[in-house]
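Biologist: I have a model open and would like to go through it with you. Can we start with the overall picture?

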Amino acid sequence: MERTATVLGAPLGGILVAAGGPGLAAAANAALFTAALLSLRSLRLPAGSQAGEPDSPRGPENLFTSLWTGLRYVATTPVLGPILLVVTTLNLVVAAPLNVGVALLAGNRGWNATGFSLVISGFGIGAVAGALLQVALPSPRRPAVAGLRWVAAGAACIALLPFVSGLPLTAVTAAALGFTAGPASALLLGVVQANTGHAYLGRVMALVSFSALGLVPVSYTVFGVMVEHFDLQAAFGVCAIAEVVAAGAALSTRSIRTTTTPRTVPREDPAKADRDRPA
């Protein structure tokens with residue numbers, strides 16, 4: 001759904017700007033955020049820990065204490081640290097090539113806004129197709145390993161982007177990159193959620209969101225500096241190498257290689273079920 005929104009959001013935003021200017025687009029965004037807020041406020045979820053999981057930290061926490069608790073939990077959980085490092089690297093090295101690198105390619109090759117939109121749409125369509133493929137396929141026994149293989153394949157696509165000639169072939173390469181990003185994100189984030197205790201899930205997913213959104217300015221800045229001091233091809237190449245190194249480092253971790261997913265739902269203890277059943 002997120003990838004589909006990415007594909008549809010840009011042209012819809014363009015239509016709103018063309019019809020009523022930036023003010024209409026901003027008003028539409030405000031309305032959508034308000035609708036999202038009201039939807040979230042209507043949810044009523046239990047705040048307690050699930051059976052067999054650690055309780056929430058004692059007492060109320062301020063923002064910085066909660067952040068430190070989440071970081072400490074990630075650092076002391078064998079699987080979460082390496083996987084979050086890969087997810088953060090993936091967000092850093094994909095965002096800048098797509099949003100800055102492709103824009104520079106479009107300007108250098110005379111594609112302008114139309115070419116840029118076509119390449120970005122190709123990425124989004126490929127990501128939707130990749131995610132749907134992962135839904136259709138059986139769940140891999142070792143999802144972290146499978147996700148990291150998709151990450152390595154995506155690195156090859158990033159390295160190829162500045163070297164392919166012509167707009168159609170560039171859009172196809174971007175679609176291939178999206179096709180690898182779809183299952184990679186689904187598998188790796190699934191591993192993160194499966195290995196996170198219920199009481200810490202909000203903190204851990206907040207760190208994931210921070211890596212996806214909060215570090216975007218850093219990604220753009222570093223990519224721009226590399227283009228300025230070297231060239232566009234070298235900047236794409238460095239991003240691809242960083243992605244491969246992060247995936248390789250995670251694969252070298254035994255806890256990542258041996259992480260599995262449960263095949264069946266644990267059966268309930270009949271004696272416990274009898275005790276809990278109302279009279």
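Biologist: How many helices and strands are there in the protein?

Modeller: There are 11 helices and 0 strands, where helices (H or I, at least four residues) and strands (E, at least two) are DSSP runs numbered from the N terminus. This is a predicted model, in which local features need pLDDT of at least 70 and side-chain atom pairs count only at pLDDT 80 or more, while totals for chains, interfaces and linings use all residues. Residues are numbered from 1 along each chain as its sequence is written, and side-chain values use heavy atoms, with hydrogens and water left out.

Biologist: What share of the residues is buried?

Modeller: Buried residues make up 34% of the 279 residues. Buried means under 20% relative accessible area, exposed over 50%, and partly exposed in between (1.4 Å probe, protein chains only).

Biologist: And what area does the protein expose?

Modeller: About 16300 Å², with carbon and sulfur atoms supplying 68% of it. The areas come from the Shrake-Rupley method with a 1.4 Å probe; for residues, only the protein chains shown count as cover.

Biologist: Now the core. How many residues are in the largest nonpolar core?

Modeller: The largest nonpolar core has 49 residues, and Ile83 and Phe223 have the most contacts inside it. Such a core is a set of buried Ala, Val, Leu, Ile, Met, Phe, Trp, Tyr and Cys residues joined through side-chain atoms within 4.5 Å.

Biologist: Which helix gives the most to this core?

Modeller: That is α3, with 13 residues.

Biologist: What is Phe223 in contact with, leaving aside neighbours within four places in sequence?

Modeller: Phe223 is in contact with Ala96, Pro97, Val100, Gly101, Leu232, Ala235, Phe236 and Cys239. Contact means heavy atoms within 4.5 Å.

Biologist: Back to α3 for a moment. Is Thr89 buried or exposed?

Modeller: Thr89, found in helix α3, counts as buried because its relative accessibility is 15%. Not counting residues up to four places away in sequence, Thr89 touches Ala242, Glu243 and Ala246.

Biologist: Glu243 caught my eye. Which residues line the largest cavity?

Modeller: Glu243 is one of them, along with Leu90, Val94, Trp150, Val151, Gly154, Leu177, Thr180, Ala181 and Ala184. A cavity is a set of points on a 1 Å grid over the protein atoms alone where a 1.4 Å probe fits but cannot get out, and a pocket is an open set with protein on both sides within 12 Å along at least five of seven lines; lining residues have an atom within 4 Å of a point.

Biologist: What is the volume of the largest cavity?

Modeller: About 40 Å³. The count comes to 1 cavity of 30 Å³ or more. The largest share of the lining, 4 residues, comes from α6.

Biologist: Any pockets to look at? How much space lies in the second largest pocket?

Modeller: About 350 Å³. Its lining has 8 nonpolar, 3 polar and no charged residues. Here Ala, Val, Leu, Ile, Met, Phe, Trp, Tyr, Cys and Pro count as nonpolar, Asp, Glu, Lys and Arg as charged, and the others, Gly among them, as polar. The lining residues include Ala5, Leu8, Asn29 and Phe33.

Biologist: Last one, Val7. Which helix does Val7 lie in?

Modeller: Val7 lies in α1 (residues 2–41) and is buried, with a relative accessible area of 19%. Leaving aside neighbours within four places in sequence, Val7 is in contact with Ser121, Gly124 and Ile125. Val7 and Phe123 are 116 residues apart in sequence and 8.5 Å apart in space, C-alpha to C-alpha.

Terms used: Points joined across faces, edges and corners; volume = space filled by probe spheres on them.
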